[in-house]
Every structure is written in structure tokens, then in C-alpha cells.
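Hi,

Here is the structure I promised to pass on. Have a look at it first, then read my notes underneath.

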Amino acid sequence: MKVAPSLLSANFGNLEHDLDMINRSEAAMLHLDIMDGVFVPNISFGFPVIEYVQRLCKKPLDVHLMIVEPQKFVSQVRDTGATIMNVHYEVCPHLHRVVQQIKSAGMQAGVTINPATPVHMLRDIVADLDLVLLMSVNPGFGGQKFIPGTLRKVAELKQLIAETGSHAIIEVDGGVNDVTGRQLAEQGAEMVVAGNYVFKAADPLQAISTLAAL
Ligand code: DX5
Ligand code: ZN
């Protein structure tokens, strides 16, 4: 399983320390949660922090935008050196155009769906995507409880990807730990985001290894 630790749960008083841990870990990517206080009921951090993180982090960046009108920020996200740009289905009436803009900017395109959004809403876009991010909590906060219905959605998405000839990989975000991570792996998830499970662990490197081995 690919693991993308979420910086949201890191110690913002000493990011250098946590980024050094990430660099030495088995993490595949670093997940960055950007919130606007409009689409989600919380505000996290913005471009100056991403640019700082990019300078210190040796892992590719997986940027998860929980903001309205993400199309306005494609070039700014690209300029941070991000590898994947994830936008939410729920805020993009012209999703196909946004996906093409992300790809034209040289990034991999990810589309994220909330727990209440059905997988089949992605039927006409999934072949254009590099990644689908399934939210297994309502976005906005770290440390929430995994919503079990996500497991069925992973299986449905896997089938949709096969039917449409898509090469998109399946990533899941929210409430992931060793138990839910194993269940997700069994359904066919290929990458998990983990915030609290990694950064609140006594041994974060071991927590990442545990998930990577699933
Ligand atoms: C939630 C964010 C997640 C969050 C995950 O809105 O998208 O990436 O940081 O945190 P945990 O793993 O603690 O649920
Ligand atoms: Zn996220």
C-alpha cells in the first residue's frame, strides 16, 4: 500500500523535524490539506507553507484542495512543485475543464468525492483521471472516525475503473489506521492518507511502515 502522511496532524511548531521523519520514511508521498473555511468548516494553511514544505521534503506532494473555485489556483499549485492536484467533485461544475487544466499544467489530476457523493458520478470523467480520492470522513478535520461505507465505494470504484479502461489509482483519506487500512487494501485501495495515525504515534516511522506493508 502506498502511504501519504497528512501534514495537517504534524507539529507546526517544528515542521522541519516532522519533514525529516517523512524523508526517512517509507511514505510514497506527502499529503497537503488546503482548506478555505467555505467548502469545509475549517481553515488550514496556504501557499507560503506549501512552498516551505516543498523545499525541505524529498517526497512528491499530493495536494488536496478543500476549497471552492480550485480552478483559480492551478498555476499557483503547479509553481509549488506539486505532483498531484486533487479537486473536489462537489465544487466543480466544469470538472472536465479543470481536469484538463491540471494536466496541461504538467500535474497529475485527482478528483475527490465526499462520503455522500456516489462513485457513479465519476463515470464520464474517470478515464481522464490519474487518481480518485475517496473521502472516508467528511473533510475539514483530522482525527475523525472512518465511515465504513467507504469500503463498498472502493470496490465500486475499482469496477468503474476497469469498465472505463481508466488508469486512475484509488486513494482513501480519513480515519485510516492499521485496521481500516487493511480493510481498504482488501477492497483494492492503492494509496491511503494518514494524519493522526502517523503523527500521534509513539513511533511515526513504524506507523508508516505498518501501513506500507498492507
Ligand atoms: C480531512 C483531511 C485529511 C486528514 C486526515 O479533511 O482531508 O487528509 O488530514 O486525517 P486523519 O488521518 O487523522 O483522519
Ligand atoms: Zn486530505
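**Helix α5 and what it packs against**

The buried residues of α5 pack against β5, β6 (131-135), β7 (169-173) and α6 (178-187). Before you go further, keep in mind that this is a predicted model.

Which residues of α5 are the buried ones? They are T150, L151, K153, V154, L157, L160 and I161. It helps to remember that an α-helix has 3.6 residues a turn, so residues three or four places apart point the same way. Try clicking through the buried residues with that in mind.

The helix itself runs over residues 150-164, which makes 15 residues. From its first C-alpha to its last it reaches 21 Å, close to the 21 Å you would expect at 1.5 Å a residue. Right after α5 comes G165, and its phi is positive, near 70°.

**A glycine in β5**

Next, one of the strands that α5 packs against. Strand β5 covers residues 108-113, and G110 sits in it. Is G110 buried or exposed? G110 counts as buried because its relative accessibility is 0%, and the cut-off for buried is under 20%.

What does G110 touch, once you leave aside its neighbours within four places in sequence? Its contacts are I84, M85, N86, V87 and L131. You can also look at G110 together with E171: they are 61 residues apart along the chain, yet 9.4 Å separates their C-alpha atoms.

**The ligand**

Now zoom in on ligand 1. It is surrounded by 19 residues, and the closest are D33, G140, G143, D173 and G195.

Three polar contacts are worth finding on screen:

- G195: a polar backbone atom is 2.7 Å from an oxygen atom of ligand 1.
- G175: here too a polar backbone atom is involved, 2.8 Å from an oxygen atom of the ligand.
- H64: this time a polar side-chain atom lies 3.3 Å from a ligand oxygen atom.

How much of ligand 1 does the protein cover? On its own the ligand has 380 Å² of accessible area, and the protein covers 99% of that.

**Cysteines**

Last, I checked for disulfides. The count comes to zero, going by cysteine sulfur atoms within 2.5 Å of each other. Two cysteines to look at are C57 and C92. C57 counts as buried because its relative accessibility is 10%, and C92 counts as buried because its value is 7%.

Have fun exploring!

Note on methods
Residues numbered from 1 in each chain as written. Chains lettered and ligands numbered in written order. Predicted model: local features only at pLDDT ≥ 70, side-chain atom pairs only at ≥ 80, totals over all residues. Heavy atoms only, no water. Helix = DSSP H or I, 4+ residues; strand = E, 2+ residues; numbered from the N terminus. Buried < 20%, exposed > 50% of the residue type's maximum accessible area, 1.4 Å probe, protein only. Contact = heavy atoms within 4.5 Å. Expected span 1.5 Å × (residues − 1). Near = heavy atom within 4 Å. Polar contact = N/O pair within 3.5 Å; in protein donor to acceptor, adjacent residues only side chain to side chain. Areas by Shrake-Rupley, 256 points an atom, 1.4 Å probe, with all protein chains shown as cover.
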